Amino acid sequence: MIRLNQVSKRYTNSADALKQINIEIAKGEMSFLTGHSGAGKSTILKLIAGIERTKQGQVLVDGTNVNKLNRHKLPLLRRNMGIVLQNPHLLNDRDIFANVALPLIIMGIKSQDITRRVRGALNKVGLLGKERMSPAALSTGEQQRVGIARAIVHKPTLLLADEPTGNLDPKLSRDIMQLFTEFNQVGVTVLVATHDIGLISKLPYRIIALEQGRIVADGYNN
Amino acid sequence: MLSKQVATNMTSTNVRMTKKNLATASLGAQHLYAFKTCWQHLRKTVFASLLTVAVIAIVLALPMGIFGLVSNLQQVSQHWQKGTQLSLYLNTNVSEQQVTELLSTLKQNPYIANLHYISPKQGLQQFQQQSKIKNILQVLKHNPLPGVIEIWPNASIHSAEKIHQLQQNLSTLPNVQSIQLDMQWIKRLYSILHLGDSIVFIFGILFALAVLLIVSNTIKLATQKRVEEITVMRLVGATNAFVRRPFLYTGITFGLLAGFAAWVIVNTAFSYLQSSVSQLADLYSSSFTLQPLAVSQLVLLMLIGALLGFIGSWFAVNRELRKVSFDS
Ligand SMILES: Nc1ncnc2c1ncn2[C@@H]1O[C@H](COP(=O)(O)OP(=O)(O)O)[C@@H](O)[C@H]1O
Ligand SMILES: [Mg+2]
C-alpha cells in the first residue's frame, strides 16, 4: 500500500528532515510513527499525501509514485485517503453536516447518497444527531471526531493522522485511538503519527520510531 | 461504536476514483455547490459586496459615458456631413456650352454624390423670391449673379483632409472662380471627435485595469478570509477548479451587477443632461437630442464587467491557492 524507498527530504535552507527512509506498509496494516518533535513524522505523512515532494527516493502509494504525480492528479490521490490533523480544520460558517459532506460534494456524489453517508460517518464517531450544530459549539474532542468523520466519509482505503490527539486529554485520546483501530478492523490501512508514546506503547501495533530524520526502531510491542 | 453492518459496507463499496469517474461525477451538484457557496457568501457580506459593485460600476461608467457622448457627437457630425456642401462659383462670362461640359465632368467624379446647377437667371429668381424685391433687373440693369454649382460629396469623403482635397481638385477646373466651404469648422469638429475616440480608448484601458485591480483585490480579501475553507477543500481532494469556482462566480456576479449599474448611471446622467443639450440645440435650430446608451450596450457593459470580474477573481484565487499550506 505504502512504500518509501531511500527517501530523503530537505526543506529549502535547512538540514535534512528525512535521511534515506525505507518503510513498507501493507494493505490493511495499522502502524504508528513516533519520535520527538522535529523527528520527521509530519514530513513522512506529507510526502505520502503529496503535500510535500522530494527529489530523493520514491514514495509509492498503491503503486503510484507520488513524487512524480502530475499536480492535476493529486486531488484524485487524496480522494483515496482520509487525512486527520491535530487541528481538525472545521469550517465554522456551516454546520457539522456540511463539514462532513465536503469530500462527497467534491466527488460529485448525489445528494441522497450524501445524506446517508454523512449520517453513517457521524454514527461511527458517535455524533449522530448533532448534524445541524455549528462546529464551534462542540468540545475539542467532539471537533476532532467531526474531523475524523470527514476523513472517512468517502470510504478511503488509507487513513493518515498527524498528532490527532495532540489537543486531547488521555481519556479522549484513547477513544480516538479506539476509533482508528475500528477502522483498521474493517480493512482501512491506518498510519498515525504521534509523539505520545504512552498512549500507544501498550497497543499491539507496529511502531516506527524516528529520530532526527532516521528510523531508529521498527517493530511490534510484545 | 462501529456497527458490523456499516463495517462490511465500508470495505465492499471502496470505489477507486479514476479519471473517468472524476469527469462523469455529477457536475451539476458541483456547480450547485459553487452557486450556493457564492450566494451564501454574498448574503453574508451584502454591504461590502454592494460597495464593491458600486466602485466597479463608477469605474465602468466613466469611459462608457465618454463613449456615449462621443458617439452622440459623431451622430451630429454625420448630419453635418450630409449637409456638407461645396458651392462652385463660376466665372460670369461662361457660355452654356462650357457649363454643360463642366457639369458632365463633375458627374463623372466618383467623389461627388449629387450636384445641382443654379444658373444666374434661376439665382436671380430665388433672390427675388426671398427678398421680395420686384423688378430687380430694372434697378441693377443686368444680372450680377454668377452661375453656381452645388456639390454634395460622396459618403466616402468623411475626413477633413479628403474634403479639402476634393476642394483643391475642383478649384483647378476651368471657369471655376471660387469654391466656398467652411473648412475650419469641419476640421475642428473632426479633431474633437478624433480626440474623443482617443480619450475613450486610453481611459477605457486605464479603467479596465482599475476594475481588474479592484475586483482582484476584493476577491483577494474574500479569499484571505476563507483560507481555512480553501485549505480544507484541498485536503479532502478538491481540484483547483473546484476551489476556484465559487470565487469566480462571485467575481462574475460583481461584474454583471456593476455593468448593469454603470449603464443606469450613464443613462441617468444623460437624461439629466438632456434639457441643457436641447437648449443648446435650439440655439443652433437643431432638433438634436442626446441618445441614451442602447440595450445592446447594456449587454456589452455586462459582458465586459463579467469578463473583468472573472479575470480579477482568477488571479486573486490563484495567488491564494499557491500560498495555502497544511500545517496543523
Ligand atoms: N515547511 C518547512 N520548512 C522548513 N523546515 C521544515 C518545514 N517543515 C518541517 N521542517 C523541519 O523538518 C524537520 C522535521 O519536521 P516534521 O516532519 O514536522 O517533524 P515532526 O512532525 O516529527 O515534529 C524539523 O527539523 C522541522 O524544523
Ligand atoms: Mg509534526
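## Exercises: burial, a ligand and cavities

Asp95(A) is buried, with a relative accessible area of 18%. You're looking at a predicted model: local features need pLDDT of at least 70, side-chain atom pairs count only at pLDDT 80 or more, and totals for chains, interfaces and linings use all residues, while side-chain values use heavy atoms and leave out hydrogens and water. Residues are numbered from 1 along each chain as its sequence is written, with chains lettered from A and ligands numbered from 1 in the order in which they are written.

**Exercise 1.** Work out why Asp95(A) counts as buried, and find its side-chain partner.

*Solution.*
- Start with the cut-offs: buried means under 20% relative accessible area, exposed over 50%, and partly exposed in between (1.4 Å probe, protein chains only).
- Asp95(A) has 18%, so it counts as buried.
- Now find its place: the loop between E6 and helix H3 (96-107) of chain A. Helices (H or I, at least four residues) and strands (E, at least two) are DSSP runs, numbered from the N terminus.
- Its side chain makes a polar contact of 2.6 Å with the side chain of Arg132(A). Such a contact is a pair of N or O atoms within 3.5 Å; within protein, one must be able to donate a hydrogen and the other to accept it, and residues adjacent in sequence count only if both atoms are side-chain atoms.

**Exercise 2.** Is Ile192(B) buried, partly exposed or exposed?

*Solution.*
- Look for Ile192(B) in helix H9 (residues 183-225) of chain B.
- Its relative accessibility is 48%, so Ile192(B) is partly exposed.
- Next, pick Val70(B): the two sit 122 residues apart along the chain, yet their C-alpha atoms are separated by 9.1 Å.

**Exercise 3.** Describe the shell around ligand 1.

*Solution.*
- List residues with a heavy atom within 4 Å of the ligand. Among them are Tyr11(A), Ser14(A), His36(A), Lys41(A) and Thr43(A).
- Sort by class: three nonpolar, seven polar and one charged. Here Ala, Val, Leu, Ile, Met, Phe, Trp, Tyr, Cys and Pro count as nonpolar, Asp, Glu, Lys and Arg as charged, and the others, Gly among them, as polar.
- Ask which element gives the most: helix H1 (residues 41-49) of chain A, with three residues.
- Check the backbone: polar backbone atoms lie 2.6 Å from a ligand oxygen in Gly38(A), 3.2 Å in Ala39(A) and 3.0 Å in Gly40(A).

**Exercise 4.** How many residues of H1(A) are buried?

*Solution.*
- Go along the helix and check each residue; Lys41(A), Ile44(A) and Ala49(A) are among the buried ones.
- The count comes to eight of nine.
- Right after H1(A) comes Gly50(A), with a positive phi near 75°.

**Exercise 5.** Find the largest cavity and say what lines it.

*Solution.*
- On a 1 Å grid over the protein atoms alone, a cavity is a set of points where a 1.4 Å probe fits but cannot get out, and lining residues have an atom within 4 Å of a point.
- Grid points are joined across faces, edges and corners, and a volume is the space filled by probe spheres set on the points.
- The whole structure has five cavities of 30 Å³ or more, and the largest holds about 80 Å³.
- It has 10 lining residues, with Leu45(A), Lys46(A), Ile83(A), Leu85(A) and Asp162(A) nearest its centre.
- E7(A) gives the largest share, three residues.
- By class, the lining has eight nonpolar, no polar and two charged residues.

Methods. On a 1 Å grid over the protein atoms alone, a cavity is a set of points where a 1.4 Å probe fits but cannot get out, and a pocket is an open set with protein on both sides within 12 Å along at least five of seven lines; lining residues have an atom within 4 Å of a point.
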